[in-house]
Amino acid sequence: MYTFPTYQDLKGKVALVMGIGQTNVPGSKIWGNGAAMARALCSNGVKVFGCDLNLQAAEYTASRLQDEGRICDVTTADVTSSTDVKRVVEEVMAKHGRIDILVNNVGMTAAGDPASMSEAVWDVQLNLNLKSVYQSCHFVLPIMEKQGSGTIINNASIAGVSYLGKPQIAYSAAKAAVIHFTKVTAVMYALKGVRLNCVVPGMIYTPLVENLGRSEKEEDREVFRKITEHNVPIGRMGEPEDIANAALFLASDAAKYITGQPLIVDGGLTSQTGTGQ
Ligand SMILES: NC(=O)c1ccc[n+]([C@@H]2O[C@H](COP(=O)([O-])OP(=O)(O)OC[C@H]3O[C@@H](n4cnc5c(N)ncnc54)[C@H](O)[C@@H]3O)[C@@H](O)[C@H]2O)c1
């Protein structure tokens, strides 16, 4: 079993994880980013409540956690629906009476540059990757403000920082906006005891990537090759546990003087010029 670091202050806290499932269930032996973050929180004694559009995927995470002796509640919800998000927040409040940690993990890309991408795809991408973050913050921030404490971790992407060699304009723009949303909201809530930060993953080998390699479509396998034949300075792709470790740190009191920050977890990828080491 993977051993996460322990932060004593996290014990007994309540976390809501949006997008607790993963691609490729049941079956994948690796963890999605949201599932790994839930696992890290559970291993620290956090009471985790998670939701996902795909209930089977959420239940898969819950059952794997149960196999490790952890308990987490899951439900189905579409993070682009304010009705769903409101309901989930109310369910957590009914069960635990508070929300100490909010993780916004849902995100997905679609290919295209501004000329080739349709308006419909652009709208779906912005709703899924950006509006979803506003939506959960809209319902959770007033709760955290009332508590006088809370921390929010938004999962962005290095696509929101740099061009990654494949056009994904809406995803890139939305993830950049998530980083800025986090920065400015963090300032607005700094005196209210609420911290907001981003984890900014680089190339992470999650079940989503694993699935691309197994796809029958040649274009998926081409994307898989592009992702896995990387030039990451550290010499490997990241693992979901690398993202979970960063999120765990940001959620804990070890990061109590850190707010509004993007924590880039990319093995040095965005720090290089492309001219080699
Ligand atoms: N895998 C990478 O290399 C990578 C890199 C950078 C950033 N990220 C970010 O990490 C996050 C998770 O990525 P992953 O690779 O683990 O993906 P994943 O697809 O395995 O997990 C995402 C989960 O979100 C759920 N979901 C999708 N739409 C939803 C909706 N409308 N409402 C509720 N749940 C919904 C899916 O069912 C799935 O369980 C995303 O925000 C992604 O942008 C991933």
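Welcome! A good place to start is the end of helix α3, which is followed by G97, a residue with a positive phi near 75 degrees. Helices (H or I, at least four residues) and strands (E, at least two) are DSSP runs, numbered from the N terminus. This is a predicted model, in which local features need pLDDT of at least 70 and side-chain atom pairs count only at pLDDT 80 or more, while totals for chains, interfaces and linings use all residues. Residues are numbered from 1 along each chain as its sequence is written.

**Helix α3**

- Helix α3 covers residues 82–96, and its 15 residues should span 21 Å at 1.5 Å a residue, where the expected span is 1.5 Å times one less than the number of residues. The end C-alpha atoms of α3 are 21 Å apart, which agrees.
- V85, V88, V89 and V92 are the buried residues of α3. They lie on the same side of α3, because they cover an arc of only 95 degrees around the axis. That arc is taken over the directions from the helix axis to the C-beta atoms.
- A residue counts as buried if 20 or more other C-beta atoms lie within 10 Å of its own, as exposed if 12 or fewer do, and as partly exposed in between, with C-beta atoms placed from the backbone.
- The exposed residues T83, E90 and A94 sit on the face of α3 turned away from its buried side.
- The cover over the buried residues of α3 includes β1 (14–18), β2 (47–52), β3 (72–76) and α4 (119–147). Two residues are in contact here if their C-beta atoms, placed from the backbone, lie within 7 Å.

**Strands β1 and β2**

- Five of the five residues of β1 are buried, so β1 is largely enclosed by the rest of the structure. V14, L16 and M18 point one way from β1, while A15 and V17 point the other way.
- β2 tells a matching story: six of its six residues are buried, so β2 is largely enclosed by the rest of the structure. From β2, K47, F49 and C51 point one way and V48, G50 and D52 the other way.
- β1 and β2 pair in the parallel sense over five bridges, and two strands pair if DSSP finds at least two bridges between them. In β2, F49 is the bridge partner of L16, and K47 is the bridge partner of V14.

**Helix α2**

- The 13 residues of helix α2 (residues 55–67) should span 18 Å at 1.5 Å a residue, and the end C-alpha atoms are 18 Å apart, which agrees.
- Buried in α2 are A57, A58, E59, Y60, T61, A62 and L65. These buried residues pack against α1, β2 and β3.
- After α2 comes G69, whose phi is positive, near 85 degrees.

**The loop between β1 and α1**

- Most residues other than glycine have a negative phi, and most peptide bonds are trans.
- N24 is found in the loop between β1 and α1, and N24 has a positive phi of about 70 degrees although it is not a glycine. N24 is partly exposed, with 19 other C-beta atoms within 10 Å.
- P26 belongs to the loop between β1 and α1 as well. The peptide bond from V25 to P26 is cis, with omega near -10 degrees.

**Around the ligand**

- The shell around the ligand holds 29 residues, of which G19, G21, G32, G107 and T206 come nearest. A residue is near a molecule or strand if its C-beta atom, placed from the backbone, lies within 6 Å of it.
- The elements giving two or more residues to this shell are α1 (33–43) and α6 (207–214). The largest share, three residues, comes from α6.
- The shell divides into 13 nonpolar, 14 polar and two charged residues. Ala, Val, Leu, Ile, Met, Phe, Trp, Tyr, Cys and Pro count as nonpolar, Asp, Glu, Lys and Arg as charged, and the others, Gly among them, as polar.

**Y205 and strand β7**

- Y205 is found in the loop between β6 (194–201) and α6, and Y205 is partly exposed, with 17 other C-beta atoms within 10 Å.
- Y205 and W31 are 174 residues apart in sequence and 9.1 Å apart in space, C-alpha to C-alpha.
- Not counting residues up to four places away in sequence, Y205 touches I30, E210, M237 and E239.
- β6 pairs with β7 in the parallel sense over four bridges, and C198 stands opposite P262 in β7.
- Strand β7 (residues 262–265) has a covered face, P262 and I264, and an uncovered one, L263 and V265.
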